[in-house]
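Here is a quick tour of some ring contacts, helices and charged pairs. Have the sequence and the model open as you read.

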Amino acid sequence: MLGFLQRPVVVTADINLNVVALTAVGLLSRLWRLSYPRAVVFDEVYYGQYISFYMKRIFFLDGSGPPLGHMLLALGGYLGGFDGNFLWNRIGAEYSSNVPVWSLRLLPALAGALSVPMAYQIVWELRFSHCAAMGAALLVLIENALITQARLMLLESVLIFFNLLAVLSYLKLCNSQKHGPFSLSWWFWLTLTGVACSCAVGIKYMGVFTYLLVLGVAAVHAWHLIGDRTLSNVCVLCHLLARAVALLVIPVIMYLLFFYVHLVLLCRSGPHDQIMSSAFQASLEGGLARITQGQPLEVAYGSQVTLRNVFGKPVPCWLHSHQNTYPMMHDVAAPLSPHSQEVSCYIDYNISMPAQNLWRLDIVNRESSTEVWKTILSEVRFVHVNTSAILKLSGAHLPDWGFRQLEVVGEKLSPGYHESMVWNVEEHRYGRSQEQKERELELHSPTQMDLSRNLSFMARFSELQWRMLTVRSDDSEHKYSSTPLDWVTLDTNIAYWLHPTTSAQIHLLGNIVIWVSASLATVVYALLLCWYLLRRRRSICDLPEDSWLRWVLAGALCAGGWAVNYLPFFLMEKTLFLYHYLPALTFQILLLPVVLQHISDHLCRSQLQRSLFSALVVAWYSCACHVFNTLRPLTYGDKSLSPGELRALRWKESWDILIRKHQ
């Protein structure tokens, strides 16, 4: 039984030196002088404040995306010993000594560096040549915009990493399917595909488009599996169940896990509390919880309460009144909402309106007919008995005579349930008079409330997710904002950082040779695909079946990856910047060497044509490297540029001026 101890344990491994070399140069290009500049660069001012909140465990709300990306950046700060004490209020501000700049920028840089060998592996797993795979990796390596974005405390490089990891894992799964389905490696790549997809969505909502792309390709492959008569019904069912669990169930569980960790970490009251409901606020340490802790749970006749509107838009609103009167008095249209009725509190100035004082209370979220009105937990409507009008927050601001506060009206024609008609009690106490003390005795020791135990994780998750999706973002124009059409032609750039005393600067500026060539490759692929489809419809097969399937899969993942990460921006009503195009660009770059190899293998008829085409490709790569080197000072910002050098780098601006002169 112990015979195996008599022989040495030998472990063999296949090491692809291309991957090792690409990883090394990727790390060098992204990590070199990573802590320079030691100043806040562009959107670092935006992400940095959230990192500080994590360090201090203060709750915040960010509508730009799920919390995974912020938590990963905060992890870098935690590992670097950051205490969160820095005022993130100005781009270009020098970091204080307690800010671990290198650690905060490390994770995006590692993600950007690892994207280089992953580009190689994706093209290789698509069954194209090592030369094409090396070409794809080289293009990702020397693309200036990708380098700039990866060297800062930003999330685009992390999103690109998980996008590529999802595609690579799925390709590994497809190739292992041919040799050993349900093997250990098969399960590993299938599970990793689901995990990578969930992480992509967890970084930014844009990750959902890559997730849907992978799901679509997986659905097509599953459809082919169903039609494979060599597989038994049980085997097909196992394949479908395995894919459903890995690509649907695991991502959902992971997504919930991201929010669970997020809410566990951020347990203290913060500046964004008022956006959330009263129940959510009361579950946080400090803030509203300090006021509501220990107050009676059940609201009764004679209770003194504060009422907050559940809608909370455009700003949180509490029901209150002033001694000042409206310009006209009662039974008239509301001043700013003529379709609704004016609502007013009044003291009886010899006016008798007893019928107008009565309101009926409806508990909207009542679970049973015996449920009573509860502090914070109950959502209620106030229905005017005489007119059936519902007390509603209109959202309009009153004029100066109304102190610019939000208008509250009586909605006569109720379109149905809306949060603007719903209120909840925040602060609650029983009266202090002798009569109220007797009332308290009647209630036999009223229940004291503890919202931290009453509000479940799913309730907090649901509310937080809804607020993130509906919170109004700042859609104002920005100096460096751009349109999706500007991205394809690289007709824009962003000045990220300027040295305060020298002319050193960092710009988000792409490698024009790579950008234009990638766009042309996409057009060429689309034209060739249409040509092949038309000819195959006529039963003319220009490509062998293996080459055709490889060509289609490459287009589905690379051209499809570009399309799903680019075209949705035409439908978005938000301020857009050049960096939004980088995930789409990465997929487009992967397509470029695929198209070049296809032209060389299938369209060049003779050896001479292939040689000439190869020479052109080498020359083109040399031009791309030259542009990278030319733009390098603006990518790393480590060189002070003379006025002449700056003018030389503004070639497009000079070209536009020259064209206008000749028109």
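## An aromatic cluster

Let's start with the rings. Trp487, Trp515, Trp562, Tyr566, Phe569, Phe570 and Tyr581 are joined by ring pairs into a cluster. Keep in mind that this is a predicted model. Across the structure, the count of aromatic pairs comes to 38.

Take Trp487 and Tyr581 from that cluster: their ring centres sit 6.0 Å apart with the planes at 40°, so this pair counts as tilted. Planes have to be under 30 degrees apart to count as stacked and over 60 to count as edge-to-face, and 40° falls in neither range, so "tilted" it is. Trp487 belongs to helix 16 (residues 484-488), while Tyr581 is in the loop between helix 18 and helix 19, so the pair ties together parts that are 94 residues apart in sequence. Both Trp487 and Tyr581 are buried.

## A pair with another geometry

Tyr532 and Trp548 make an edge-to-face pair, with 6.4 Å from centre to centre and 85° between the planes. Here helix 17 (residues 512-537) supplies Tyr532 and helix 18 supplies Trp548, so the parts tied together are 16 residues apart in sequence. Are these two rings buried or exposed? Tyr532 is buried, and Trp548 is too.

## Helices 8 and 9

Helix 8 (residues 184-203) has 20 residues, which at 1.5 Å a residue should span 28 Å; its end C-alpha atoms are 28 Å apart, so the two values agree. Its buried residues include Trp186, Leu190 and Thr193, along with the run from Ala196 to Ile203. What covers them? Among the covering elements are helix 3 (68-79), helix 7 (156-177), helix 9 (207-226) and helix 10 (233-265).

Helix 9 also has 20 residues, and its first and last C-alpha atoms are 29 Å apart, close to the expected 28 Å. Buried here are Gly207, Thr210, Tyr211, Leu213, Val214, Val217, Ala218, Ala222 and Leu225. The cover over these residues includes helix 7, helix 8 and helix 10, plus helix 18 (545-566) and helix 19 (582-603). So helix 8 is part of what covers helix 9, and helix 9 is part of what covers helix 8.

## A nonpolar patch

Now for the surface. Leu257, Tyr260, Val261, Val264 and Leu265 make a nonpolar patch of about 400 Å². Tyr260 lies in helix 10. Why does Tyr260 count as partly exposed? Its relative accessible area is 44%, and the partly exposed class runs between the 20% limit for buried and the 50% limit for exposed.

## Salt bridges

A search of the whole structure turns up 11 salt bridges. In one of them, the side chains of Glu545 and Arg536 meet at 3.3 Å, N to O. Glu545 is partly exposed at 43% relative accessible area, and Arg536 is partly exposed at 25%.

Arg632 bridges to Asp638, with the closest N and O atoms 3.2 Å apart. Arg632 counts as partly exposed at 26% relative accessibility, as does Asp638 at 22%. Elsewhere, salt bridges with shared partners join Arg360, Asp362 and Arg381 into one network. Within that network, the side chains of Arg360 and Asp362 meet at 3.2 Å, N to O. Arg360 is partly exposed, with a relative accessible area of 42%.

Note on methods. Residues are numbered from 1 along each chain as its sequence is written. This is a predicted model: local features need pLDDT of at least 70, side-chain atom pairs count only at pLDDT 80 or more; totals for chains, interfaces and linings use all residues. Side-chain values use heavy atoms; hydrogens and water are left out. Helices (H or I, at least four residues) and strands (E, at least two) are DSSP runs, numbered from the N terminus. The expected span of a helix is 1.5 Å times one less than its number of residues. Buried means under 20% relative accessible area, exposed over 50%, partly exposed in between (1.4 Å probe, protein chains only). Contact means heavy atoms within 4.5 Å. Patches are made of residues with over 30% relative accessible area and no salt bridge: like charges are joined within 9 Å, nonpolar side chains (Val, Leu, Ile, Met, Phe, Trp, Tyr) within 5 Å. Accessible areas come from the Shrake-Rupley method with a 1.4 Å probe; for residues, only the protein chains shown count as cover. A salt bridge is a side-chain nitrogen of Lys or Arg within 4 Å of a carboxyl oxygen of Asp or Glu. Rings of Phe, Tyr and Trp (its six-membered ring) pair if their centres lie within 6.5 Å; planes under 30 degrees apart count as stacked, over 60 as edge-to-face and the rest as tilted.
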